[in-house]
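Please look through the sequence and the model that follow, and keep both at hand while reading. The paragraphs after them go from backbone angles to strands and then to the ligand.

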Amino acid sequence: MSFESLNLHPLILKAINDAGYTSPTPIQEHAIPELLAGHDVMASAQTGTGKTAAFMLPALHRLASPSEVRSRGPRVLVLTPTRELALQVSEATAKYGKYLPRAKVVSILGGMPYPLQNKLLSQVVDILVATPGRLIDHIQRGRIDFSRLEMLVLDEADRMLDMGFIEDVERIASATPATRQTLLFSATLDSAMDNVAARLLNSPKRIQVATSKARLNNIEQRLHYVDDISHKNQLLDHLLRDIALKQAIVFTATKRDADMLADGLSAQGHAAAALHGDMSQRDRNRTLIKLRQGGIRVLVATDVAARGIDVAGITHVINFDLPKFAEDYVHRIGRTGRAGASGIAVSFASSKDGIHLKKIERFTGQRIASHVVPGLEPRVKPRSGAGVQPRSTPSVAHKRSRTWSSDVPHRSNAYRADGDWKAGQNRSPAGNRDTWGNTASSTRAARASSGGNSRRDSFGSTTGSSAYFRGK
Ligand code: AMP
């Protein structure tokens, strides 16, 4: 199918052509005709499937004809759960609407100064992209006129529900004309989404084309079992040395962990930076621009902050901590393999993460193959049946290649061969932290005291082997 056959306005087709898109993605192919026909639509589409254009191209098509209502207020309103996603949508909109005379985009996001937003809202706005909280503030202050609003888009509605924004979304919707066309995009269409749709949409067409499975096909998913934080740091260091890794996003469970890990990686000489919700919008934007320009190789981020990041150079996503929700896993790894490129997603999991892993695999319908780095094998055996035959990821230098379940050899061979690991020193930037929530166990203590090098004897107990670091 071609874009021409979708009957979009010629100036939109021209912009699509400039963007280099040759044919619509499946979600675009299914959603655009329904939207042009004026139907409400609820669609399941992961990020990375081209969902932004799926709703924005028909929105722009509407804007190509002048409004019948005289007002300066927005004709299209897009609500997103995060500021990053809102900026992403705004950028894409500017790209698709660049030849249209009436397609002024304004973003209204939390964390930005009110005076500037007040000024923007006092001028003509065609498309408003906003996060719900800040928009409510402006609505309450009477700064937005929705009298000519024609289309309301709820982007990542599932996420807005998870984040507790749905009440705000409903209040905003109630301030808009009942005649509007409403679109709901969500990673999954479950009963919770049906309930939201029942309240906000009018006999919607349901579109479910982009399954997680199809979406993830261009992403190689790998699993590394880890014993503890020190082991994670060593594996991360190993992965970051891979020259095939152009840019990576490393996900941590908390903002504090993101800061600490980014600081630690920077101290080790990596071009690393953190991105999380405690940072000012200015700093977040600056970091994203730097990432896009290639000035950052490793972005350490939390889930919410990283939503919607669309940077073609991201070759790897590393789940330093597994996400709480299976759906976040899909969002995270979707940061790589953008627009048809391939990507690698690596997840670290401890033996306690079995249930989490199962949930993720059930959600994606895909099994994550377990890998080991020779010299960095886990000591603790993972869940039964999982990754039965782990694949070997080449080590930097593995003089002693071992099978995964055999006794663990000197873990730090790789670093030693590189000449980059100092004897008896724990190079981990956060070596004493334990994201499993435990204080140092004897195993960890053994590893720490041996600089990360320890051995499991045939009974499965662990012994440190600091002698190795003393120049053996
Ligand atoms: P999205 O799912 O909207 O975040 O889009 C993911 C990526 O796909 C973005 O980089 C878009 O520029 C790109 N994209 C969207 N539609 C197409 C298309 N029809 N052909 C090629 N790339 C596309």
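Asn7 lies in the segment before helix H1 (10-19), where helices (H or I, at least four residues) and strands (E, at least two) are DSSP runs numbered from the N terminus. This is a predicted model, in which local features need pLDDT of at least 70 and side-chain atom pairs count only at pLDDT 80 or more, while totals for chains, interfaces and linings use all residues. Residues are numbered from 1 along each chain as its sequence is written, and side-chain values use heavy atoms, with hydrogens and water left out.

Most residues other than glycine have a negative phi. Asn7, which is not a glycine, has a positive phi near 60°, and with 58% relative accessibility it counts as exposed (buried means under 20% relative accessible area, exposed over 50%, and partly exposed in between, with a 1.4 Å probe and protein chains only). Glu156 also has a positive phi, of about 50°, without being a glycine; Glu156 is found in the loop between strand E5 (151-154) and helix H7 (157-162), and at 2% relative accessibility it counts as buried.

How is strand E11 (residues 298-301) covered on its faces? Val298 and Val300 on one side are buried, as are Leu299 and Ala301 on the other, and both faces are thus covered. Strand E9 (residues 247-251) pairs with E11 in the parallel sense over 4 bridges, a pairing being called when DSSP finds at least two bridges between two strands. Within this pair, Ala248 has Val298 as its bridge partner in E11. Strand E10 (residues 272-275) also runs parallel to E11, joined to it by 4 bridges, and here Ala272 stands opposite Val298.

Turning to the ligand, 16 residues surround it, of which Tyr21, Gly48, Gly50, Thr52 and Asp310 come nearest (a residue is near a molecule if one of its heavy atoms lies within 4 Å of it). This shell divides into 4 nonpolar, 8 polar and 4 charged residues, where Ala, Val, Leu, Ile, Met, Phe, Trp, Tyr, Cys and Pro count as nonpolar, Asp, Glu, Lys and Arg as charged, and the others, Gly among them, as polar. An N or O atom in the side chain of Tyr21 is 2.4 Å from an oxygen atom of the ligand, and a polar side-chain atom of Thr52 lies 2.6 Å from a ligand oxygen atom. From Ser23, a backbone N or O atom lies 2.9 Å from a nitrogen atom of the ligand. Taken alone the ligand exposes 500 Å², and the protein buries 84% of that, with accessible areas taken from the Shrake-Rupley method with a 1.4 Å probe.

Methods. A polar contact is a pair of N or O atoms within 3.5 Å; within protein, one must be able to donate a hydrogen and the other to accept it, and residues adjacent in sequence count only if both atoms are side-chain atoms.
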